[in-house]
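Biologist: Can we go through how the helices and strands of this one fit together? Let's have it on screen.

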Amino acid sequence: MSDFVPDGPIENVPRSVKSGAYAGRGIAVFTSGGDSQGMNAAVRAVVRFGIYLGAKVYFIKEGYQGMVDGGENIVEATWSSVSGIIHKGGTIIGSARCKDFREREGRLKAARNLINRGITNLVVIGGDGSLTGANLFRQEWSSLVDELAEKGVITAEEKSKYCNLYIVGMVGSIDNDFCGTDMTIGTDSALHRIIESIDAIAATAYSHQRTFIMEVMGRHCGYLAIVAALASEADFIFCPESPPPKDWPEKLCNKLALEREAGQRLNIIIVSEGAVDRDGNTITSEMVKDVVVKNLQQDTRITVLGHVQRGGRPSAFDRVLACRMGAEAVLALMEAEAETEPCVVSLDGNQAVRLPLMECVIKTQAVSKAMSEQNWDLAVQLRGRSFARNLETYKMLTRLKPPKLSPEMTQQMRRQLSRQATLWMSSGYTLAVMCVGAPACGMNAAVRSFTRNCIYRGDIVLGVEDGIEGLIKDNVKELQWSSVTGWVGQGGAFLGTKRTLPEGNYEKIAETINKHKINGLLVIGGFEAYNAVLQLAQQKKTYKEFCIPMLVIPSTISNNVPGTEFSLGADTALNEITEICDRIRQSAQGTKRRVFIVETMGGYCGYLATMAGLAGGADQAYIFEETFGAKDLLRDIEHMISKMNDGVQRGLVL
């Protein structure tokens, strides 16, 4: 998935491209295989960026089947033909599995249909099967063109003109099972559906003290199950790459029984649809239910989410991801030469990069091979470091209580850790955590993760209430393992947070740190958190109590702090704005010539307005960083008038 970079990005791409720079080129875009949210946003980006560069852009409807059948399945796209689709799930141009394309005769028909329309550039949006098919098509292209010329289907001039086929792939799949990209188009939206469903189920489960078994999709990849469990504090998971131990029925029942004894009124178990045991035998939701009912007599229900995970509107993240990948795919095609290797556009951190297509496909297929050979450790390793970290973090954070380590286990852990981490383990430090500044979603989850990680290593964790004021007034309490249960899905800041800075209160803060023997401080917040830590650090020469490690986790919806591309809370805020824009769009249905102006937060940072404008399909986003005047406003008004004259009856400005 995320960490595989065969030889790094294929090339560095110039960012500035002039309008009409590639006039006369022919591009076709199609979706193949299973659908996923965000595909429409990707199609829209390909069409509009292709038109901007001067190319003719075509839809191929119904995937490879439409390419083989030709006719009305291949139609030219216009700027307005993709208006109002960015918020829609699925794919408006259809997707179908095609047996005909698997045969050479079918690929010959497809080649003829493309040449008839002057298309030699293909954007494929699908999974590894769809991308493999496209690569085979490209490898055979020369022989297909020769055969068409020999049969007299195309002219010698057409044979010469369309002698090369260029392909670029984008991975559209909710499973996130493709090696080489941090995230596939649709995965984030599917996670939204799962978390929303678990939140809804939890309410009724709590009322009746029930155990719910949630079956999620993912085929043979456990990403959805693991991340959903991590984000929902699920009690137990079954995923394909990391099967449970052979005595899993006993371990599962023991854990559920202990949690009920501790006062927990509900339990959530997540089962991936491809779950297996250590011997490769299928584990179904019904099997899990039978184990729980037989051994614990708990009221247990199964909820199979099914295609609900594929449906609904795409999240803001998926829309932005699809837009960026779509634009990068068009650039890759326009810059391709005869010897250019086919590539797939992937997400690496926060950058859209091009990677060799077939190397990624081969690595993806290697995961399936490792699982078929029951080499589970290798399967997890091949999924990437982030997959393995998510799995280990889930296992650690969802313990009912911290483990009691034997001397042998402690020694083994020390051998596996770095020297610095070993010193921390052996010392048993007292660490404090607090929130500073405005509250943001994710603060509670960060406190929970920090608390349990530290307790797991044998440290004492202190929660400082109301930020810096808590240090001034000595509002400090010890956090236990169970203190942070249920925090992960809650907004705001349970510890309390204020904008107060340390300046003028250094002596009182030093007294509190000395009193509790605090050896390290974690501050979660935005620019105020940065300032708070900076002010304390500047007083180290005066107050020895401040000579401790102090860290900041950026947390602000404005996403306006240095050192990170994403701060906690920004994604949630962006989703809220995007949802509001969707509702406004819906309310405008049936009205004529109406422009909506939406004001967003963000202080002097235009991140929310810009990204919401991209995700919501807005006509314009006015931000502090980009100055504008009366002439710019008049130009935008003229654009709005032109748009409405072409039949689009609403406008959206952020």
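Biologist: At roughly what angle do the axes of helix 1 and helix 10 cross?
Modeller: Keep in mind that this is a predicted model. Helix 1 covers residues 39–52 and helix 10 covers residues 316–335, and their axes come within 7 Å. The crossing is right-handed. Angles from 35 up to 65 degrees fall in the oblique class, so this pair is oblique, with a crossing of roughly 40 degrees.

Biologist: And how many nonpolar residues does the contact of helix 1 with helix 10 have?
Modeller: Helix 1 brings residues including Ala41, Val46 and Phe49, while helix 10 brings Ala322, Val330 and Leu331, among them. Arg44 and Arg319 are in the contact too. By class, there are 2 charged, 2 polar and 10 nonpolar residues.

Biologist: Over to the open sheet of 7 strands: which strands stand at the edges?
Modeller: Pairing is mixed, and the order reads 3-2-1-4-5-10-11. An edge strand has a single partner, so one of its sides has no neighbour in the sheet. That picks out strand 3 (74–76) and strand 11 (351–356).

Biologist: Which helix packs on that sheet, touching strand 11?
Modeller: Strand 5 (166–171) and strand 10 (343–348) are touched as well. The helix direction makes about 85 degrees with that of strand 11. It's helix 11, residues 357–372.

Biologist: Last one: which residue in strand 4 stands opposite Ala28?
Modeller: Strand 1 (residues 26–31) pairs with strand 4 (residues 121–126) in the parallel sense, over 5 bridges. Opposite Ala28 stands Leu122.

Key: Residues are numbered from 1 along each chain as its sequence is written. This is a predicted model: local features need pLDDT of at least 70, side-chain atom pairs count only at pLDDT 80 or more; totals for chains, interfaces and linings use all residues. Side-chain values use heavy atoms; hydrogens and water are left out. Axes are lines fitted to C-alpha atoms, for helices over the stretch in contact, and angles run from 0 to 180 degrees between N-to-C directions. Helices (H or I, at least four residues) and strands (E, at least two) are DSSP runs, numbered from the N terminus. Angles under 35 degrees count as roughly parallel, over 145 as roughly antiparallel, 65 to 115 as roughly perpendicular and the rest as oblique. A crossing is left-handed if the near helix is turned anticlockwise from the far one by less than a right angle, and right-handed if clockwise. Contact means heavy atoms within 4.5 Å. Ala, Val, Leu, Ile, Met, Phe, Trp, Tyr, Cys and Pro count as nonpolar, Asp, Glu, Lys and Arg as charged, and the others, Gly among them, as polar. Two strands pair if DSSP finds at least two bridges between them.
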